[in-house]
Amino acid sequence: MAADLQLVGDTLSALQPFAQQEKCASCECLQGALVELRMALEELPEDAERERLLFAVTQAMQIQSPHGCLGCEPCAPADTLATYYREQQAQEIPSPCACKDG
């Protein structure tokens, strides 16, 4: 699934507050979301915005002691990642053809 820079940037912005919280920054939920964003960015053509976002994601991934999910309900990073996936899929759904041939 290809993503676009705007979607990745919006998702990263939504995750940034959690990267600043001690309990969230090291959590596998946030770190997993960041890995997904990094992989999406690595598939996109190189340009200044891609590099800026890639740097920001890489910085947020620099943690000392990762830990498993704490079971927070709701888990905002996981919810943000789920929203990212839905938006990504919505962008890939082809619009219906108005012609009779399909």
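In the predicted model, helix H4 carries two exposed residues, Ala48 and Phe55. These lie on the other side of the helix from a set of buried residues, namely Arg50, Leu53, Leu54, Val57 and Ala60. The buried set covers an arc of only 125° around the axis, which places these residues on the same side of H4. Their packing partners are H1 and helix H3, the latter comprising residues 28-43. Helix H4 itself runs over residues 48-60. For its 13 residues, a rise of 1.5 Å a residue gives an expected span of 18 Å, and the end C-alpha atoms are 19 Å apart, so the two values agree.

A corresponding analysis was made for helix H5, which spans residues 76-92. This helix has 17 residues, and the distance from its first C-alpha to its last is 24 Å, close to the expected 24 Å at 1.5 Å a residue. Buried positions in H5 are Pro77, Thr80, Leu81, Tyr84 and Gln88. Viewed down the helix axis, these residues fall within an arc of 100°, and they therefore line one face of H5. The elements that cover them include H1 and H3.

The packing of H5 with H1 was examined further. Helix H1 consists of residues 5-19, and its axis lies 10 Å from that of H5, at an angle of about 175°. Because angles over 145 degrees count as roughly antiparallel, the two helices are assigned to that class. On the H1 side, the contact is formed by Leu7, Val8, Thr11, Ala14, Leu15 and Phe18. H5 contributes Ala76, Pro77, Thr80, Tyr84, Glu87, Gln88 and Gln91. Classified by residue type, this contact contains 8 nonpolar, 4 polar and 1 charged residues.

Threonine 11 illustrates this packing at the level of a single residue. It is located in helix H1 and takes part in the contact with H5. Its relative accessible area is 6%, and since residues under 20% count as buried, threonine 11 is classed as buried. When neighbours within four places in sequence are left aside, the contacts of threonine 11 are with Leu37, Thr80 and Tyr84. Of these partners, Thr80 and Tyr84 are listed among the H5 residues that form the contact with H1, and both are also buried in H5.

Technical notes. Residues are numbered from 1 along each chain as its sequence is written. This is a predicted model: local features need pLDDT of at least 70, side-chain atom pairs count only at pLDDT 80 or more; totals for chains, interfaces and linings use all residues. Side-chain values use heavy atoms; hydrogens and water are left out. Axes are lines fitted to C-alpha atoms, for helices over the stretch in contact, and angles run from 0 to 180 degrees between N-to-C directions. Helices (H or I, at least four residues) and strands (E, at least two) are DSSP runs, numbered from the N terminus. Angles under 35 degrees count as roughly parallel, over 145 as roughly antiparallel, 65 to 115 as roughly perpendicular and the rest as oblique. Contact means heavy atoms within 4.5 Å. Ala, Val, Leu, Ile, Met, Phe, Trp, Tyr, Cys and Pro count as nonpolar, Asp, Glu, Lys and Arg as charged, and the others, Gly among them, as polar. Buried means under 20% relative accessible area, exposed over 50%, partly exposed in between (1.4 Å probe, protein chains only). The expected span of a helix is 1.5 Å times one less than its number of residues. The arc is that of the directions from the helix axis to the C-beta atoms.
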